[in-house]
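I opened the model to look up one helix and the core it belongs to. My entries follow in the order I made them.

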Amino acid sequence: MDNNDLLIRLRYALDIKNKDMVDIFKLGGIDLSKEEVLKVLTKTPESDEEDDDSIWVDHEDHEDYIKAEDFLFESFLNGFIIFKRGRQEPKPGQPEVPSLTNERSNNLLLKKVKIALQLTSEDMLEIWDLAGVTVTKGELGALLRKVGHKNYKECGDRYARNFLKGLAIKYRK
């Protein structure tokens, strides 16, 4: 799954309106118009291919498409935290804007959504359970660890997809 697909699924799962998407991007430091946000949320035919990294996508053929690069995706997630919880005053010596990481998008999604929605580990396990996937506390801890930690585990597309599916079941009633 690419970042655009993650954004589309997150937006659906939490029923985020177009105006709110624009506001969230703005809170994350990215100025996009409503039309540009809709282009980010456009699915290309190639993005329907499940887990096939061998396909090279020529996005110039899709004029209604803006690729969500890692910085755009992470900025959105940072804005989502501010949107849900409010802006936090930086501590002395701390930068006002959080620095961007080079972390895999799926792991980043889990961490930032957990913070934004104030989910506990038990809440996250319940969300996966709603989607029909069993994740242990140890696996969850490994997914939420910092890159470079000896127990860090990359979050696969299956876990991310089912987490978003569980969010949709929980939040879209």
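Which residue follows H1, and what is the sign of its phi? I found Asp 15 there, with a positive phi near 50 degrees.

Sources: I am working from a predicted model, in which local features need pLDDT of at least 70, side-chain atom pairs count only at pLDDT 80 or more, and totals for chains, interfaces and linings use all residues. Residues are numbered from 1 along each chain as its sequence is written, and side-chain values use heavy atoms, with hydrogens and water left out.

Helix H1: I took helices as DSSP runs of H or I, at least four residues, numbered from the N terminus. H1 covers residues 3-14, and its twelve residues should span 16 Å at 1.5 Å a residue (1.5 Å times one less than the number of residues). The end C-alpha atoms are 16 Å apart, which agrees.

Burial: I listed the buried residues of H1 (under 20% relative accessible area, 1.4 Å probe, protein chains only). Among them are Leu 6, Leu 7, Leu 10 and Leu 14. Their cover includes helices H2 (18-27), H4 (70-85) and H8 (157-171).

Asn 3: This residue of H1 counts as buried because its relative accessibility is 8%. Leaving out residues up to four places away in sequence, I found Asn 3 in contact (heavy atoms within 4.5 Å) with Ala 68, Glu 69, Asp 70, Phe 73 and Ser 105.

Core: I then checked the largest nonpolar core, a set of buried Ala, Val, Leu, Ile, Met, Phe, Trp, Tyr and Cys residues joined through side-chain atoms within 4.5 Å. It has 44 residues, and Leu 10, Phe 25, Trp 128, Phe 163 and Leu 167 touch the most other members. H1 and H8 are among the helices that each supply at least two residues of this core.

How values were computed: Buried < 20%, exposed > 50% of the residue type's maximum accessible area, 1.4 Å probe, protein only.
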